[in-house]
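The report below looks at one pocket, the charged pairs and a surface patch of the structure shown here. Please read it with the sequence and the coordinates at hand.

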Amino acid sequence: MDRISFWYAGLDMSEFSERLRLLRESRQLMQVRLAELIGVNPRAYNRWERGTIAPHLDTLVKIADVLQVSLDELVGRKPISNDVRIRNHTLNSLWQQADTLPDEEQQALILVIDSFVKKSQVEKVVAKRSAKR
């Protein structure tokens, strides 16, 4: 899909490129990382955000999947949903798989995740105290 066919579809390339940047940044992803997740050259991705070229439809689908938005949200035909999403694509994918585990295994996973979160919180408190000294 080139720039002209993007316009023919009734879509504004500059609006798309800005929305793409905003969605990427809201997920705290660098351009290089998003390009890696969708399997494209970072230079090509950079051109999409600058609005000089548009991705092909199959790539738009990959981008929407990684950013966890609909195609309509991605291209600006629909407002971006405020649903809570896990920003890390890999973690989100694992979360979806974990959601299908039996309850007993989910409870074990909750304990593991909780221990990592608490460990991180304790490390932050210790670091703050050390910085004050």
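The largest pocket of this predicted model has a volume of about 180 Å³, where a pocket is an open set of points on a 1 Å grid over the protein atoms alone, at which a 1.4 Å probe fits, with protein on both sides within 12 Å along at least five of seven lines. The volume is the space filled by probe spheres set on the points, which are joined across faces, edges and corners. Its lining, made of residues with an atom within 4 Å of a point, consists of Ile86, Leu91, Leu94, Trp95, Ala98, Leu109 and Ile113. Two elements, H7 and H8, each give two or more residues to this lining, and the largest share, four residues, comes from H7. Helices here are DSSP runs of H or I with at least four residues, numbered from the N terminus. The lining residues divide into seven nonpolar, no polar and no charged, with Ala, Val, Leu, Ile, Met, Phe, Trp, Tyr, Cys and Pro counted as nonpolar, Asp, Glu, Lys and Arg as charged, and the others, Gly among them, as polar.

As to how the values were obtained, local features need pLDDT of at least 70 and side-chain atom pairs count only at pLDDT 80 or more, whereas totals for chains, interfaces and linings use all residues. Residues are numbered from 1 along each chain as its sequence is written, and side-chain values use heavy atoms, with hydrogens and water left out.

The charged side chains come next. Side chains of opposite charge can pair when their charged atoms come close. With a salt bridge taken as a side-chain nitrogen of Lys or Arg within 4 Å of a carboxyl oxygen of Asp or Glu, the count comes to eight; three of the pairs are listed here with their N to O distances.

| Pair | Closest N and O atoms |
|---|---|
| Arginine 24 and glutamate 25 | 3.8 Å |
| Arginine 24 and glutamate 49 | 2.5 Å |
| Arginine 33 and glutamate 36 | 2.2 Å |

Glutamate 49 lies in helix H4 (residues 42–50) and arginine 24 in helix H2 (residues 13–26), so their salt bridge ties together parts that are 25 residues apart in sequence. Glutamate 49 and arginine 24 are both buried, the term standing for under 20% relative accessible area, with exposed for over 50% and partly exposed for values in between (1.4 Å probe, protein chains only). For arginine 24 the relative accessibility is 7%, while glutamate 25 is partly exposed at 37%. These residues belong to a network of salt bridges that links Glu18, Arg21, Arg24, Glu25 and Glu49. Within helix H3 (residues 31–38), arginine 33 and glutamate 36 are three residues apart, and therefore about one helical turn separates them. Arginine 33 is partly exposed at 31% relative accessibility, whereas glutamate 36 is exposed, with a relative accessible area of 54%.

On the surface, Leu101, Leu109, Val112, Ile113, Phe116 and Val117 form a nonpolar patch with about 490 Å² of accessible area together. Accessible areas come from the Shrake-Rupley method with a 1.4 Å probe, and for residues only the protein chains shown count as cover. Patches are made of residues with over 30% relative accessible area and no salt bridge, like charges being joined within 9 Å and nonpolar side chains (Val, Leu, Ile, Met, Phe, Trp, Tyr) within 5 Å. Leucine 101 lies in the loop between helix H7 (89–98) and helix H8 (103–132), and its relative accessible area of 31% makes it partly exposed.
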